[in-house]
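The following exercises are to be worked with the sequence and the 3D structure at hand. Each task is followed by a solution in steps.

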Amino acid sequence: MRGLKKRVISVRFASPSEAAEFLEHVSKLLSNLAAEVKGCSVKLVVMAPPEELDREYARVREALRQWRMSRQLPRRGVYRHHMGMVLSSASLKVSIPVAALVELLQLKGFRAKLEGGYIVSSATFEQVVEEASRLSEKYAEALRLLATPMLKRLAAILAAALGCTVEEALERMEALGLTKVDEKYRRLVLAINYEEALKRIRGLVLGEGGGGGGRESGGGG
């Protein structure tokens with residue numbers, strides 16, 4: 001194309017499917033990108049005006065770095081999942097707070113914490129994307145509740161952790177004494193602070209056989 005310069009990046013992946021997944025991801029970032037896939041190898045040709053070429057090339061390299069951190073398990077036993085990658089790959093009905101996704105992962109038995117723009121977790125990328133999609137679905141349900149935002153958030157997290165409806169999750173929370181009615185505004189509110197309510201919900205999830213992630217729960221990483 002006239003006026004465009006190009007640079008080439010050759011990358012080898014663990015499998016043809018991983019190569020295809022990365023190509024799909026990086027293609028969303030750049031419009032002027034050509035690619036050739038042969039088995040586990042991908043050759044990317046970055047095309048841009050001369051003054052933009054270095055920047056566009058750096059974006060591809062950064063995407064590759066993020067991809068590898070999210071797929072290759074280091075000796076510390078945790079992955080680093082870039083939130084942009086997670087959210088772009090998940091099926092989101094509504095937007096979700098990243099902190100709520102971390103709390104859900106912890107309830108499911110995974111190590112998880114926020115670190116900059118990353119979720120550092122023992123959960124794989126596929127597992128994090130699956131939980132993000134599930135949480136978004138429950139958040140969409142929770143928006144219909146006549147309740148405070150924090151109660152909606154907790155109900156959505158519990159529903160996603162137990163695999164039940166938000167209404168059922170709310171009933172369980174009521175049984176634990178976690179909710180009360182604000183007579184002034186005629187809506188449900190948390191009867192105790194959020195962190196304490198989350199601790200009680202963790203006990204409920206464990207008691208109902210949840211937290212089946214097979215990993216250590218908590219925020220360590």
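**Exercise 1: The surroundings of a core leucine**

Task: Determine which residues Leu-44 touches, leaving aside those up to four places away in sequence.

Solution. Not counting residues up to four places away in sequence, Leu-44 touches Arg-7, Val-8, Ile-9, Phe-22, Leu-23, Val-26, Leu-33, Ala-34, Ala-35 and Val-60. The model is a predicted one. Next, place Leu-44 in its wider setting: the largest nonpolar core has 66 residues, and Leu-44 is listed with Leu-101, Leu-135 and Met-173 as having the most contacts inside it. Helix H6 (residues 149-162) supplies the largest share of this core, nine residues.

**Exercise 2: Aromatic pairs**

Task: Establish how many aromatic pairs there are, and classify each by its geometry.

Solution. Ring centres must lie within 6.5 Å to pair, and by this rule there are two aromatic pairs.

Step 1. Phe-13 and Phe-22 have their centres 5.1 Å apart, with 35° between the planes, and the pair is tilted. Both Phe-13 and Phe-22 are buried.

Step 2. Phe-22 also pairs with Trp-67, at 5.6 Å centre to centre and 70° between the planes. Planes over 60 degrees apart count as edge-to-face, and the pair of Phe-22 and Trp-67 is described accordingly as edge-to-face. Since Phe-22 belongs to helix H1 (residues 16-29) and Trp-67 to helix H2 (residues 50-71), the pair ties together parts that are 45 residues apart in sequence. Trp-67 is buried, as is Phe-22.

Step 3. Taken together, Phe-13, Phe-22 and Trp-67 form one aromatic cluster.

**Exercise 3: Charges over rings**

Task: Identify the ring over whose face Arg-71 lies, and the ring over which the charged end of Arg-80 sits.

Solution. Arg-71 lies over the face of Phe-125, 3.9 Å from the ring centre. For Arg-80, the charged end sits over the ring of Tyr-118, at 4.7 Å from its centre.

**Exercise 4: Val-205**

Task: Decide whether Val-205 is buried or exposed.

Solution. First, locate Val-205 in helix H8 (residues 194-207). Its relative accessibility is 1%, so Val-205 counts as buried. Lastly, compare Val-205 with Glu-137: they are 68 residues apart in sequence, and their C-alpha atoms are 19 Å apart in space.

**Exercise 5: Confidence**

Task: State where pLDDT stays under 50.

Solution. The chain averages a pLDDT of 90, and 92% of the residues score at least 70. Over residues 214-221, however, pLDDT stays under 50. Where pLDDT is low, the predicted coordinates should not be read in detail. For residues 214-221 the model has 25 contacts beyond four places in sequence.

Note on methods. Residues are numbered from 1 along each chain as its sequence is written. This is a predicted model: local features need pLDDT of at least 70, side-chain atom pairs count only at pLDDT 80 or more; totals for chains, interfaces and linings use all residues. Side-chain values use heavy atoms; hydrogens and water are left out. Rings of Phe, Tyr and Trp (its six-membered ring) pair if their centres lie within 6.5 Å; planes under 30 degrees apart count as stacked, over 60 as edge-to-face and the rest as tilted. Buried means under 20% relative accessible area, exposed over 50%, partly exposed in between (1.4 Å probe, protein chains only). Helices (H or I, at least four residues) and strands (E, at least two) are DSSP runs, numbered from the N terminus. A charge sits over a ring if NZ of Lys or CZ of Arg is within 6 Å of the ring centre and within 35 degrees of the ring normal. A nonpolar core is a set of buried Ala, Val, Leu, Ile, Met, Phe, Trp, Tyr and Cys residues joined through side-chain atoms within 4.5 Å. Contact means heavy atoms within 4.5 Å. pLDDT is the predictor's confidence in each residue, from 0 to 100.
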